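Work through the following exercises with the sequence and the model open. Each one sets a task and then solves it step by step.

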Amino acid sequence: MAAAAGLTVLAHPPLALWPLAFGMLAPLVTALEGARPRRAFGLTYVYSAAMGLALVRWLVHALAEQYGVPRVPAWVFTGALVAGLALVPASAAALYGALRPRVGLAAAPLAFSAIWVLGEWVRAEILGVPWLLFGLSLHRFPLALQTADLGGMWAVGFVVVVVNAGLGLAAATRRPGPLAPALAVALLAGGYGAWRMEGIAPESPDEMRVGVIQASLPPDERFQPGTAERNLERHAVLTRQLVGREGLDLVVWPETAIDGDLDRAPLLGALAGRLVDGLGVPLVTGAPRSAGGLTNSVVLFAPGAGLVESYAKQRLVPFSEYDPALAGLLAPILSPLMQGEAYRPGGQATVFRRTPIPLGTPVCFEITYPDMMRAFRLGGARLLLNLSNDAWFGPTGYPEMHFAHVVLRAVELRTWIVRAANTGISGVVDPAGRVRVALPAFETGSIAATVRPAGSPPPYARLGDTPVLTLLAAILLGAASGLFPR
């Protein structure tokens, strides 16, 4: 299991050696051949827990270094979380072990991949933890991402896993049969990818020049007495410099770039309004708002009109933004994380329409939930702006893990996505998943790019997970019913 766990860690950020993604699970599949369900469960549990602990150390960093949770409790909490989530792939492997004697060798890679990806869906959509999904490991390889407009990250993940399963089974049995479905699926996905990447992001008369500011402010210089005005001016200085170099139609600042309540401190809104009036360029920025309850919001300032539109973050971060059910049980461990006033979630995917292109503005890890992004797209957004602040997680690989979701969402929805993150990664991704421009994490600076309105929503944006889940379930039912005999 050490080989599989090691390859998986290398394939994901911070190293992100994406070619290894096509073989990272193969050693585990080899070991599972002939294993009974209990052994399959145990092997996969060890693999999942080992690679999980190695790859989510960013959570320990955030808890211990940024929020002040003692390091031992931080590791205990992280270990318990990883241990619980490892039950999902382990259960998927046990199910595969039970079905494998009934499935022909050539069809086994399809059965394994269907079960594995269904397990990933359960973890992401039902348990709400959409991290370390196998499809995301290919975010640097746009050709392999294009099936996402048909079946989301699940379609991409299916291709990755079926290749791994084919290689693993071929190694275990020393027979070439399992390589046939793996090769067929890979060729179909690659052919579709090459076809779809042609003609993506054509010229449009409605194109818009967007600038992004990355001020890279440390957490201890935000949300303190007197920091709101000072940090607003830091962003303003970078904005004036950028507008002086570029002809812009819109400027985007990160999540809570204005780290003071706009409703309790109207001076902050006045300062932002004067900046926008002087530059003649609209500004989208994150800022807390308290009218009707404290919200983590995104607002639009328009020249001559002030604050004209607002969106309240809908999906909040447990513990740091709200206290989930039974949070009191973890208070002895996570009490430093649970300080401050809780936020109230927003109620809808608001689309800003006072800009040349209608905007959806998901905040932070809302971008990791495809259903939320489809709501923006189907609600009329033809461009997405993702405002975030990843400063809490340090140089642990998390910034790129988060940015990988941006790349996948761009392909799933066939839309440009502009990301403004306080400490990065900020960037602009086109509808084919190509990163057109980006600022590395923990650098101060600005970028600009020309973006265009999205066309008609692709199948995945319209239909969601249902078609791909139906296909995966059909493969699984076919295996369970003996449709794929030995």
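## Exercise 1: a helix pair

In this predicted model, A148, D149, G152, M153 and V156 of helix 8 are in contact with L408, R409, V411 and E412 of helix 14.

Task: Sort the residues in the contact of helix 8 with helix 14 by class, and describe how the axes of helix 8 and helix 14 cross.

Solution.
1. Sorted by class, the contact of helix 8 with helix 14 comprises five nonpolar, one polar and three charged residues.
2. Two packed helices are described by the angle between their axes and the distance between the axes.
3. For helix 8 and helix 14, the axes come within 8 Å, and the crossing angle is roughly 145 degrees.

## Exercise 2: the sheet under helix 14

Task: Find the strands that helix 14 lies across, give the strand order of the sheet that runs from strand 6 to strand 11, and explain what sets its edge strands apart.

Solution.
1. Helix 14 spans residues 398-413 and lies across strand 8 (383-388), strand 9 (417-421), strand 10 and strand 11.
2. Relative to strand 9, helix 14 runs at about 160 degrees.
3. The sheet is open, with six strands in the order 6-7-8-9-10-11 and mixed pairing.
4. Strand 6 (351-352) and strand 11 (435-439) are at the edges; each has a single partner strand, so one side of each has no neighbour in the sheet.
5. The partner of strand 11 can be followed in detail: strand 10 (residues 426-429) is joined to strand 11 by four bridges, and the two run antiparallel.
6. Within strand 11, L439 is the bridge partner of S426.

## Exercise 3: the other sheet

Task: Give the order of the sheet that holds strand 1 and strand 12, then trace the pairing of strand 1 and the helices that pack on the sheet.

Solution.
1. Six strands make up this open sheet, in the order 5-4-3-2-1-12, and the pairing is mixed.
2. Strand 5 (306-312) and strand 12 are the edge strands, each pairing on one side only.
3. On average, neighbouring strands of this sheet are turned by 30 degrees against each other, direction ignored.
4. Helix 10 packs on the sheet and touches strand 1, strand 2 and strand 12; its direction makes about 145 degrees with that of strand 1.
5. Helix 11 lies across strand 3 (283-289) and strand 4, at about 35 degrees to strand 4.
6. Strand 1 is joined to strand 12 (residues 445-451) by seven bridges, in antiparallel fashion, with V210 opposite A449.
7. With strand 2 (residues 250-252), strand 1 pairs in the parallel sense over three bridges; here V251 is the bridge partner of G211.
8. Strand 1 is mostly covered, with six of its seven residues buried.
9. Strand 4 (residues 295-302) pairs with strand 5 in the antiparallel sense over six bridges, and S297 stands opposite A312.

## Exercise 4: one loop residue

Task: Is D220 buried or exposed, and where does D220 lie?

Solution.
1. D220 is in the loop between strand 1 (208-214) and helix 10 (227-245).
2. The relative accessibility of D220 is 61%; exposed means over 50%, so D220 counts as exposed.
3. M373 is 153 residues from D220 along the chain, and their C-alpha atoms are separated by 31 Å.

## Exercise 5: empty space

Task: How many cavities of 30 Å³ or more does the structure hold, and what lines each of them? Then describe the second largest pocket.

Solution.
1. Rolling a probe the size of a water molecule over the atoms shows where empty space is left.
2. There are two cavities of 30 Å³ or more.
3. The largest cavity has about 70 Å³ of space, and among its lining residues are H12, W131, M401 and H405.
4. By class, this lining has six nonpolar, four polar and no charged residues.
5. The second largest cavity has about 30 Å³; its lining includes T239, V251, W253 and L283.
6. Helix 11 (residues 266-279) gives the most to that lining, with three residues.
7. Eight residues of the lining of the second largest cavity are nonpolar, one is polar and none is charged.
8. The second largest pocket holds about 320 Å³ and is lined by 15 residues, with A155, F158, V159, V185 and L471 nearest its centre.
9. Helix 8 (148-173), helix 9 (179-197) and helix 16 (466-480) each supply at least two residues of the pocket lining.
10. That pocket lining has 13 nonpolar, two polar and no charged residues.

Methods. Residues numbered from 1 in each chain as written. Predicted model: local features only at pLDDT ≥ 70, side-chain atom pairs only at ≥ 80, totals over all residues. Heavy atoms only, no water. Pairing = 2+ DSSP bridges. Contact = heavy atoms within 4.5 Å. Axes fitted to C-alpha atoms, helices over the stretch in contact; angles between N-to-C directions. 1 Å grid on protein atoms, 1.4 Å probe; cavity = no way out; pocket = protein on both sides within 12 Å on 5 of 7 lines; lining within 4 Å. Points joined across faces, edges and corners; volume = space filled by probe spheres on them. Nonpolar A, V, L, I, M, F, W, Y, C, P; charged D, E, K, R; others polar. Buried < 20%, exposed > 50% of the residue type's maximum accessible area, 1.4 Å probe, protein only.
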